[in-house]
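Please examine the structure shown below before turning to the briefing that follows. The points are grouped by topic.

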Amino acid sequence: MASYFNLTLDTTAPSGLTLQINDGALYATGTAVKLTIAVEDEATTGYQMKIWGIDGVAEENSASWENFAPSKSVNLTSGDGLKTVYIKVRDDVGHQSDQDSHTITLNTAVPVVTITGP
């Protein structure tokens, strides 16, 4: 009796990587934000991601690989202004995607309203 198996040769990196912060919002009023992550690949079993530009992880070389998830809560770096978060994904055989990034403006200042009478 003969035995058969299927072998799939994977020679391509994950493609179509996209990242959004707070569902594409332009501004955030606090450092806690939600990242939405997607790739074009149908199956992401065994995939890992690396995120940087967030609180405690400024550079890519200080980011660690973690299991891929379509969403993740992170904290932006402190201080108001434009923030950029970066991401890379690798598949289960180690092929890495190109990095993607998304920007958002952090504005934690509470507006002051002054009402003057006649």
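β1 and strand β3 (residues 32–38) pair in the antiparallel sense over four bridges; two strands count as paired if DSSP finds at least two bridges between them. Strands are DSSP runs (E, at least two residues), numbered from the N terminus. This is a predicted model, in which local features need pLDDT of at least 70 and side-chain atom pairs count only at pLDDT 80 or more, while totals for chains, interfaces and linings use all residues. Residues are numbered from 1 along each chain as its sequence is written, and side-chain values use heavy atoms, with hydrogens and water left out.

**The open sheet**

- Within the pairing of β1 with β3, Thr18 has Ala38 of β3 as its bridge partner.
- Three strands make up an open sheet in the order β1-β3-β6, with antiparallel pairing.
- Its edge strands, each pairing on one side only, are β1 (18–21) and β6 (71–75).
- From one strand to the next, the twist averages 25°, where axes are lines fitted to C-alpha atoms and angles run from 0 to 180 degrees between N-to-C directions.

**Pairing of β8**

- Strand β8 (residues 100–106) pairs with strand β2 (residues 27–28) in the parallel sense over two bridges.
- Tyr27 stands opposite Thr105 of β8.
- β8 also pairs with β7, in the antiparallel sense and over seven bridges.

**Lys83**

- Lys83 lies in strand β7 (residues 81–90), and its bridge partner in β8 is Ile104.
- Lys83 is buried (under 20% relative accessible area, with a 1.4 Å probe and protein chains only).
- Lys83 has no salt bridge, that is, no side-chain nitrogen of Lys or Arg within 4 Å of a carboxyl oxygen of Asp or Glu.
- The nearest side chain of opposite charge to Lys83 is Asp80, 7.1 Å away; Lys and Arg count as positive and Asp and Glu as negative, whereas His and the chain ends are not counted.
- The side chains of Lys83 and Thr77 are joined by a polar contact of 3.1 Å (a pair of N or O atoms within 3.5 Å, one able to donate a hydrogen and the other to accept it; residues adjacent in sequence count only if both atoms are side-chain atoms).
- Beyond its neighbours within four places in sequence, Lys83 has contacts that include Leu76, Ser78, His102 and Leu106 (heavy atoms within 4.5 Å).

**Positive phi between β1 and β2**

- Asn22, in the loop between β1 and β2, has a positive phi near 45° without being a glycine.
- Asn22 is partly exposed, at a relative accessible area of 26% (partly exposed lies between 20% and 50%).
- Asp23 belongs to the loop between β1 and β2 and has a positive phi of about 60°, although Asp23 is not a glycine.
- Asp23 is exposed, with a relative accessible area of 58% (exposed means over 50%).
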